[in-house]
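Q: I have a new model open and don't know where to look. Can you walk me through a few features?

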Amino acid sequence: MSETAPISDQPRRSLVHQLALQAAAVFLVFSLAWPVYFLRASAWNWAAICAVTGAVAFLAARLARQPWWWQIIHLLFVPLLWLGMQFDISPLWYLGAFMLLLLVFRCAVTGQIPLYLSGKNVAGRLRPLLAERSALLDVGAGLASLLLPLSRLRPDLRLAGVENAPLPWLIGWLRTRNTPIDWRWGDFWRHSFAPYESVYCFLSPAPMPELWLKACREMRSGSLFISNAFPVPDVGTETLLESESGLTLYVYRIPGAHSP
Ligand SMILES: C[S@@+](CC[C@H](N)C(=O)[O-])C[C@H]1O[C@@H](n2cnc3c(N)ncnc32)[C@H](O)[C@@H]1O
């Protein structure tokens, strides 16, 4: 496997912005609350303070035009912390749940790309598009939910998948170990797209512009770049396909060396 482009630091910067937003809301509410409670010499109403903090964080996220899912996370984060503390639950359970989530959703934290799976019929939609005996890479291959059915429908293809969340990688490895699928551990930003005639992804809006640039840099002109559900902004598709789940498959052709 060749090492190529540096990893995008855009998702990490975005995470720092979200943390800063949440911290600003906590700071604002607490600095307004403590003089009030101090002067009244009354007990702190933690439920109210946490609810107001959630509301302020939500408002700040709206004003900062954050995506809707971040607005919901900001709204619920502190109130849910308070709620969790109302139950007598050992902190080890929280640690265990956190570790499990990290094993499965590692990339949701580091790259804004969670785990969800391609529908059963996506392989069928791709089947006629792919050239005879060509190579396809699934970037962020999850549990091999695309590659396994595709290898049954098109045994002539050379299929590969790269995944870097530990638990999905392990499940995918177990599922593909008796197949010709080339199942790899690793970060797709560091994996060259050059050996493949098609690259498939089902990720999130966040990495699409940079992923398209990587594909254009590394793939041969005329190769296919296929994205399930998330279009590349401002780039015209060659074909749009509807999957049974109602999601759109965006099919792009890599332009010639001097095209935009
Ligand atoms: C939405 S799932 C899609 C899974 C699979 N391609 C499918 O269609 O069923 C996206 C996957 O990409 C993985 N992923 C995200 N960022 C990655 C990275 N930088 N390198 C490798 N895998 C990554 C996630 O762990 C997740 O399993």
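A: Sure, helices come first: helices (H or I, at least four residues) and strands (E, at least two) are DSSP runs, numbered from the N terminus. Here, W34 sits in helix 1 (residues 10-40). This is a predicted model, where local features need pLDDT of at least 70, side-chain atom pairs count only at pLDDT 80 or more, and totals for chains, interfaces and linings use all residues. Residues are numbered from 1 along each chain as its sequence is written, and side-chain values use heavy atoms, with hydrogens and water left out.

Q: Is W34 buried, exposed or partly exposed, and what is its relative accessible area?
A: Buried means under 20% relative accessible area, exposed over 50%, and partly exposed in between (1.4 Å probe, protein chains only). W34 has 47%, so it is partly exposed. From W34 to W44 is 10 residues in sequence and 8.5 Å in space, C-alpha to C-alpha.

Q: Which residues have a positive phi although they aren't glycine?
A: R133, with a phi of about 55°, and A229, with about 80°. R133 is in the loop between helix 5 (122-126) and strand 1 (135-139), while A229 is in the loop between strand 5 (224-228) and strand 6 (239-242). R133 counts as exposed because its relative accessibility is 56%; A229, at 18%, counts as buried.

Q: How do strand 2 and strand 3 pair?
A: Two strands pair if DSSP finds at least two bridges between them. Strand 2 (residues 158-163) and strand 3 (residues 182-185) have 4 bridges, in the parallel sense. In one of these pairings, E163 has W185 of strand 3 as its bridge partner. Between the two strands the chain passes through helix 7 (residues 166-176), giving a right-handed β-α-β crossover. Right-handed means that, with the strands pointing away from the viewer, the path from the first strand over the helix to the second runs clockwise.

Q: Which residues come nearest to the ligand?
A: A residue is near a molecule if one of its heavy atoms lies within 4 Å of it. There are 22 residues around the ligand, and S118, G140, E163, D187 and F202 come nearest.

Q: Where are the polar contacts of E163, D187 and D138 with the ligand?
A: A polar contact here is a pair of N or O atoms within 3.5 Å. A polar side-chain atom of E163 is 2.6 Å from a ligand oxygen atom. For ligand nitrogen atoms, the distance is 2.8 Å from D187 and 3.0 Å from D138, again counted from a polar side-chain atom.

Technical notes: Polar contact = N/O pair within 3.5 Å; in protein donor to acceptor, adjacent residues only side chain to side chain.
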